Amino acid sequence: MIIALAADAPISTSVALLDAASTLRKPARTMPDGRGGLIVAIDGSLPDDLLHGPGIRGVHRQHRPYVLASREHRERSVVTVGDVRVGGEVPVVMAGPCSIEGRDSLLRAAHAVRAAGADILRGGAFKPRTSPYSFQGLGEEGLRYLAEARAQTGMPVITEVMEPEQVDLVAEYADIIQIGTRNMSNYPLLRRVGQLRKPVLLKRGMSARVDEWLMSAEYILAGGNMEVILCERGIRSFDPATRFTLDLTAVPLARQLTHLPIIVDPSHGTGVRSLVSAMAVAGIAAGADGIFIEAEPNPEQATSDAAQTIDPDELYQIIQRSRLVAEAMTVRLPQPMVFEAVREFASVAD
Ligand code: PEP
Ligand code: MN
């Protein structure tokens, strides 16, 4: 059940509700509603006679199962990483190589994507590869290079973690922990990153429904880690012309269903370099809070995902266009202009 408390509700109201839930052995937690008030989320229901404290502005027994991720009674949330606000006004850009391949190549890529306008540096140190014989990443050595790139450029860094046992190590270096598509349903891993107090980027499973994706986010939130960013990265479809199909319908849908910020990954979402720009900008037009792109100075030479990696010049173009499109999406024509146009048309038609 969800109990919405007004901004001026006394603290005694939420305390009484949490006490009642605890007495009945029902897990409960509070979270801000983004408007100054509080949401009390209870796993189960409290009897009516316990729901009378001052400041209760709504009681909802019927709600979506992902109670902490749900948009119900909540403003959209912003995840802050250093100076970067994911879910704010300006689209956020996370860019860098697919894999960290060495110190010099990573530093070169970091400076290049920074110059192109990226906010956050991406790079994989632990790589989920389809074949066990493919390059699996540099591991901790790669994390050290990532930290050096952050020190040189000032950009926060994001990198993937694949196993619960690796979480502490990766969290030592990363500003955002990435959960890849293949691990969206790895519940022990989700629980483990839920114990962190550090942003997590949760990619959608390549065959996962939107509600399953949000339930996975719920695992992280339920651990008390409220800093979750969603990433639509393409789903399996029938057409081998592209690697995956970037499901842009999921973007406005997720915005309706959850308060969590959402970004799009047109690199894995297409698998094709020449399609990345169009789909990045389309993602912003669909309402995404940012983009996640594989980019480096010599894309053709990348050890992993070369076919979808773009160069910094193209990244620069994408970032500029994305900002313009994001701005265009906020435009509201005043109604009188619409009415005027209708009147003019009517007079011409007469
Ligand atoms: C990646 O970002 O390099 C990656 C492996 O992504 P995904 O989990 O979406 O395949
Ligand atoms: Mn990749």
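This passage walks through the domains, the sheet, one helix residue and the ligand shell of a predicted model. Residues are counted from 1 along each chain as its sequence is written, while chains get letters from A and ligands get numbers from 1 in the order in which they are written. Since the model is predicted, local features need pLDDT of at least 70 and side-chain atom pairs count only at pLDDT 80 or more, whereas totals for chains, interfaces and linings use all residues.

The chain splits into domain 1 (2-60) and domain 2 (79-329), with bounds taken from an automatic or database domain assignment. Between the C-alpha centres of domain 1 and domain 2 there are 35 Å.

Now for the sheet. Four strands make up an open, antiparallel sheet, and their order is β2-β3-β1-β4. At its edges sit β2 (28-32) and β4 (56-60), each paired on one side only. From one strand to the next, the twist averages 20 degrees. Strands here are DSSP runs of E with at least two residues, helices are runs of H or I with at least four, and both are numbered from the N terminus; two strands pair if DSSP finds at least two bridges between them.

β2 and β3 (residues 38-42) are joined by five bridges in the antiparallel sense, and one of these links T30 to V40 in β3. The hairpin of β2 and β3 has five residues between the strands, and there G34 takes a positive phi near 85 degrees.

Helix α1 (residues 11-23) lies across β1 (2-5), β2, β3 and β4, and runs at about 5 degrees to β3. Such angles go from 0 to 180 degrees between N-to-C directions, with axes fitted to C-alpha atoms, for helices over the stretch in contact.

Over in helix α5 (residues 187-194) sits R191. R191 counts as partly exposed because it has 14 C-beta neighbours inside 10 Å; 20 or more would make a residue buried, and 12 or fewer exposed. Leaving out residues up to four places away in sequence, R191 touches Y219 and G223, contact meaning C-beta atoms, placed from the backbone, within 7 Å. P164 is 27 residues from R191 along the chain, and their C-alpha atoms are 8.6 Å apart.

Finally, ligand 1 is surrounded by C98, G124, P128, G180, T181, R182, K203, R233 and H268, each with its C-beta atom, placed from the backbone, within 6 Å. This shell has two nonpolar, four polar and three charged residues; Ala, Val, Leu, Ile, Met, Phe, Trp, Tyr, Cys and Pro count as nonpolar, Asp, Glu, Lys and Arg as charged, and the others, Gly among them, as polar.

Notes: Contact = placed C-beta atoms within 7 Å.
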